[in-house]
Amino acid sequence: MRPTPDITPYLGQLLDFRRDLHAHPELRYEEHRTGDKVAAYLAALGLQVHRGLGRTGVVASIHGQGRDAGNPGRSVGIRADMDALPVAEANTFGHASRHAGCMHACGHDGHTAMLLGAATLLAQQPDFDGTVHLIFQPGEEGGAGAKAMMDDGLFTQFPCDAVFALHNWPALPAGHMAVRVGPIMASTLRFEICVTGKGGHAAMPHATLDPIPVACAIVGQLQTLVSRSTDPLDSAVLTVGKITSGTVENIIPDEARIFGTVRALRADTQRMFIDGIQRISEHVAAAHLCRAEFILKPGYPNTTNHAREAHFMASVMRELVGEAHAHTDLPPAMTAEDFGFMLEAVPGAYGWIGNGPASGEPGVGLHHPAYDFNDDNLGRGARFWDLLARRWFEMP
Ligand SMILES: [Zn+2]
Ligand SMILES: [Zn+2]
């Protein structure tokens with residue numbers, strides 16, 4: 001194993017870069033300034049920069065010196081997300097958001113800076129046999145930017161034998177990292193159910209088909225999909241977050257609308273929910289002589305780590321932060337992540353890098369107005385990606 005380059009001389013510029021992104025957050029598919037800055041940074045390293053995949057995505061490749069026409073070597077993709085959230089920042093520090101109502105509340109500013117740090121190290125010392133594709137994606141927050149880049153040909157233009165991604169994790173102290181085999185984040189789907197009855201006078205319900213008790217019955221019955229149809233050793237959530245119906249108390253309305261979301265850790269569980277929500281809503285409505293229309297709004301698939309790549313990622317974590325700080329036994333989270341699209345197409349793994357304070361207390365949660373990325377991770381994350389790429393090429 002050859003020694004890896006030192007990140008220390010670059011920490012200052014990474015910190016400035018990260019805080020500049022934090023001060024100038026951009027929402028999904030509006031990452032124009034961010035994309036310009038990322039592209040300029042990569043170009044200054046002497047890398048050829050490809051822009052436009054998924055509208056605002058940026059890709060650059062670093063070819064190792066050991067690679068030639070007869071020996072193209074392996075390729076590995078490392079992905080960082082670049083977008084911010086529609087959150088009004090509560091922090092008052094110098095690098096707080098200057099864009100009202102928009103904030104890097106998920107730490108994607110840090111993810112971007114960590115990968116640029118790795119680009120610096122890999123470009124400085126490309127003594128490896130293979131190609132690293134650095135993937136800076138737009139629109140992770142609800143925009144399926146990973147899929148948008150793939151639809152534009154990401155993996156045909158930049159073929160990857162494996163892809164990896166990291167997310168900062170406030171519940172884990174800085175200095176710790178985690179990855180697990182199998183599902184690490186849930187799938188999402190959104191649904192709407194429109195229950196149609198027949199309205200009329202509140203005092204003459206017998207002459208109507210009241211959709212409100214039917215909608216209530218549907219909401220209650222839907223929970224049996226979690227309690228009765230989901231394997232007790234699996235996990236899933238069904239939440240109805242919104243119901244709309246009616247105008248005043250003395251009129252029975254014609255219709256009621258139910259809006260909900262499902263989170264599941266397995267693709268077959270998600271399919272069970274899709275079938276089950278439709279079946280229950282239609283049949284409960286029919287039992288009351290009403291009609292229910294089920295409208296599915298697809299979200300993200302599960303983020304399911306491939307075993308070989310997750311074991312490999314864990315070995316790199318152990319090498320970087322030590323056995324005691326590299327976790328492989330944390331439970332999955334019911335949050336979702338569009339990296340799941342990439343893992344459906346290419347083997348790979350997604351891990352967590354602790355973002356909590358050194359005190360060991362949990363950090364401010366993701367998507368919270370007082371959140372900030374822990375800058376201790378800039379060097380750690382950059383070294384992790386540098387190491388991961390080099391070890392990937394060294395693997396037998
Ligand atoms: Zn987020
Ligand atoms: Zn995020």
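What share of the contacts in the protein with a separation of 6 or more is accounted for by residues 24 or more positions apart? In this predicted model, such residues account for 82% of those contacts.

**View 1. The protein as a whole, shown for orientation.** The protein is built from 11 helices and 16 strands, and its C-alpha trace spans about 80 × 45 × 40 Å along the principal axes. Of the 396 residues in the protein, 53% are buried.

**View 2. The zinc ion (ligand 1) and its donor residues.** Coordination of the zinc ion (ligand 1) is through Cys106 (SG), Glu141 (OE) and His367 (NE2), at 2.0 to 2.2 Å, and the spacing of these donor residues in sequence is C-x34-E-x225-H. Cys106 lies in the loop between strand 3 (74–81) and helix 3 (108–124), whereas Glu141 lies in the loop between strand 4 (130–137) and helix 4 (145–151), so the pair ties together parts that are 35 residues apart in sequence. Both Cys106 and Glu141 are buried.

**View 3. The pair of zinc ions, with Cys106 coordinating both.** The zinc ion (ligand 1) and the zinc ion (ligand 2) are 3.1 Å apart.

**View 4. The open sheet of eight strands.** The strands follow the order 1-2-4-3-5-16-6-15, and their pairing is mixed. Strand 1 (49–51) and strand 15 (326–327) stand at the edges with a single partner strand each, so one side of each is left without a neighbour in the sheet. Strand 2 (residues 58–63) pairs with strand 4 in the antiparallel sense over six bridges, and His63 has Thr131 in strand 4 as its bridge partner.

**View 5. Helix 3 and helix 11 against strands of the protein.** Helix 3 lies across strand 2, strand 3, strand 4, strand 5 (162–173) and strand 16 (348–356), and runs at about 150 degrees to strand 3. Helix 11 (residues 376–394), which runs at about 160 degrees to strand 3, lies across strand 3, strand 4, strand 5, strand 6 (177–178) and strand 16.

**View 6. The crossing of helix 9 and helix 11.** The axes of helix 9 (residues 307–321) and helix 11 come within 10 Å and cross at roughly 125 degrees, which makes helix 9 oblique to helix 11. The crossing in which helix 9 passes helix 11 is right-handed. Among the residues of helix 9 that take part in the meeting of the two helices are Phe312, Met313, Val316 and Leu320, while those of helix 11 include Phe384, Trp385, Leu388 and Trp392.

Methods
Residues are numbered from 1 along each chain as its sequence is written. Chains are lettered from A and ligands numbered from 1 in the order in which they are written. This is a predicted model: local features need pLDDT of at least 70, side-chain atom pairs count only at pLDDT 80 or more; totals for chains, interfaces and linings use all residues. Side-chain values use heavy atoms; hydrogens and water are left out. Donors are N, O and S atoms within 2.8 Å of the metal (3.2 Å for Na, K and Ca); water is not among the atoms, so sites may look incomplete. Helices (H or I, at least four residues) and strands (E, at least two) are DSSP runs, numbered from the N terminus. Buried means under 20% relative accessible area, exposed over 50%, partly exposed in between (1.4 Å probe, protein chains only). Two strands pair if DSSP finds at least two bridges between them. Contact means heavy atoms within 4.5 Å. Axes are lines fitted to C-alpha atoms, for helices over the stretch in contact, and angles run from 0 to 180 degrees between N-to-C directions. Angles under 35 degrees count as roughly parallel, over 145 as roughly antiparallel, 65 to 115 as roughly perpendicular and the rest as oblique. A crossing is left-handed if the near helix is turned anticlockwise from the far one by less than a right angle, and right-handed if clockwise.
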